[in-house]
Amino acid sequence: MKLEIQPVTNPKPGITDENSLAFGQQFTDRMFVMEYDTGKGWHSARIQPYAPFTLDPAAMVLHYSQEIFEGLKAFRRADGSIAMFRPADNISRFNRSARRMCMPEVDEEFFLNSLLELIRLEADWIPHSEGTSLYIRPAMIATEPMLGVRPADQYLCYIILSPVGTYYKGGIAPVKIWISDHYVRATEGGTGEAKTGGNYAASLYAAREATLKGYDQVLWLDAKEKRYVEEVGSMNMLFLYDDKIVTSPLRGTVLDGITRRSVLTLLREMDYEIEERALTVDEVMEGAQNGRLQEAFGAGTAVVISPVGSFCYRDQCVQLGNGQTGDLTMKLYETLTGIQYGRIADKHDWVVTL
Ligand SMILES: *Cc1c(COP(=O)(O)O)cnc(C)c1O
């Protein structure tokens, strides 16, 4: 397929203040778009000016949520080069999500090359300050106008870009986590492993309740027994427990995070024993009190690593260690961001530079 590059006639002013960039509020001048029709396949791939879509009010995504997305970043490095972290992994996960949601897969090589071309054209939008980046949001939606329930015959796939500030304005800081014993995010056999909007829509109610009660995030338990911890918002959870790393296995209810995968590789190289098993909520609450639970952190593209300062469950709150960021958590944050920004050698071929 050919990629058409359309000119931008009305460029935006660009980033006005790098130090006040919020998450996902400003978008660049261009976007990648391609269309799909059953029988014809993907077509009309183009990089065009960023603009609203015209959608029929009957477009199936608006009624039955046939939608998937991804999230990754491009970084500007000290030597002026631009780096992306494991972008091929995001694209293959995009296709896994597509299969789960009965949507057409994309050609991974074409999609990656189109993304790289888009980043090259929008390079001026990548901020320079430490910890900032260009957040990349690929998405696919069902556009066929039809109210019957079945997989659509028409789709739109697109990539938009948003310059984002550092997640930690005052340095890396521990969060307060609420363990919900009522709401659930994903069930076995459900769509928890797909990066699809519906999972997030279903999580909003509990997240709002958590915010109103003064917590930063919701930690979800398994849906069946409400006993095993699974993941947090848009992060996988990892625990340092009895000097071993414990993290939920990937059995359909937890998203296969690329940050999680990378952190596990780094930890194996640091000779940590890794148990992919679900920690119970009792192990978390008691472990924080008797010291067996030494550190806990979330791992995801947006935050990279997010240390946990305390867990609250029912009417009890427990602090982890002294409530500060743990040494291992800090080391992993430094290592991952070091690899991304080019301060640490990339032994694993995770980084794609352009
Ligand atoms: C995207 C996401 C993650 C993190 O995945 P990364 O590839 O590390 O960014 C974790 N959990 C959920 C539910 C997600 O949507």
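1. How far is a nitrogen atom of the ligand from an N or O atom in the side chain of E231? The separation is 2.7 Å. This is a predicted model, and the distance should be read as a computed value for that model.

2. Two further polar contacts involve oxygen atoms of the ligand. R93 places a polar side-chain atom 2.8 Å from a ligand oxygen. At I258 the partner is a polar backbone atom, again with 2.8 Å to an oxygen atom of the ligand. Taken alone, the ligand exposes 380 Å², and the protein buries 97% of that area.

3. The shell around the ligand holds 15 residues, of which K195, Y200, E231, T259 and T301 come nearest. E231 therefore appears both in this list and in the 2.7 Å pair with the ligand nitrogen, a pair that falls within the 3.5 Å limit for a polar contact. By class, the shell has four nonpolar, seven polar and four charged residues.

4. As to its location, the ligand sits in the largest pocket. Two elements give two or more residues to the ligand shell: β12, spanning 235-241, and α5, spanning 258-269.

5. The volume of the largest pocket is about 830 Å³. Its lining comprises 38 residues, and those closest to the pocket centre are Y200, G233, S234, M235 and A302. Y200 is also listed among the residues that come nearest to the ligand.

6. Which elements supply at least two residues each to the lining of the largest pocket? They are β7 (133-142), α4 (197-212), β10 (217-221), β12, α5 and β15 (293-300). Of these, α4 gives the most, with seven residues. Sorted by class, the pocket lining has 17 nonpolar, 14 polar and seven charged residues.

7. Apart from the pocket, the cavities deserve a remark. The structure holds two cavities of 30 Å³ or more, and the largest cavity has a volume of about 100 Å³. The elements that give two or more residues to the lining of the largest cavity are β5 (72-76) and α5. The largest share, three residues, comes from β5.

8. Which residues line the largest cavity? They are G71, L72, K73, F75, F85, N90, I258, T259, T301, V304 and Q340. By class, this lining divides into five nonpolar, five polar and one charged. Some of these names have come up before: T259 and T301 are among the residues that come nearest to the ligand, and I258 has the polar backbone atom that lies 2.8 Å from a ligand oxygen. The element α5 likewise recurs, as it gives two or more residues to the ligand shell and at least two to the lining of the largest pocket.

Note on methods
Residues are numbered from 1 along each chain as its sequence is written. This is a predicted model: local features need pLDDT of at least 70, side-chain atom pairs count only at pLDDT 80 or more; totals for chains, interfaces and linings use all residues. Side-chain values use heavy atoms; hydrogens and water are left out. A residue is near a molecule or strand if one of its heavy atoms lies within 4 Å of it. A polar contact is a pair of N or O atoms within 3.5 Å; within protein, one must be able to donate a hydrogen and the other to accept it, and residues adjacent in sequence count only if both atoms are side-chain atoms. Accessible areas come from the Shrake-Rupley method with a 1.4 Å probe; for residues, only the protein chains shown count as cover. On a 1 Å grid over the protein atoms alone, a cavity is a set of points where a 1.4 Å probe fits but cannot get out, and a pocket is an open set with protein on both sides within 12 Å along at least five of seven lines; lining residues have an atom within 4 Å of a point. A molecule sits in a cavity or pocket if more than half of its atoms lie within 2 Å of its grid points. Helices (H or I, at least four residues) and strands (E, at least two) are DSSP runs, numbered from the N terminus. Ala, Val, Leu, Ile, Met, Phe, Trp, Tyr, Cys and Pro count as nonpolar, Asp, Glu, Lys and Arg as charged, and the others, Gly among them, as polar. Grid points are joined across faces, edges and corners, and a volume is the space filled by probe spheres set on the points.
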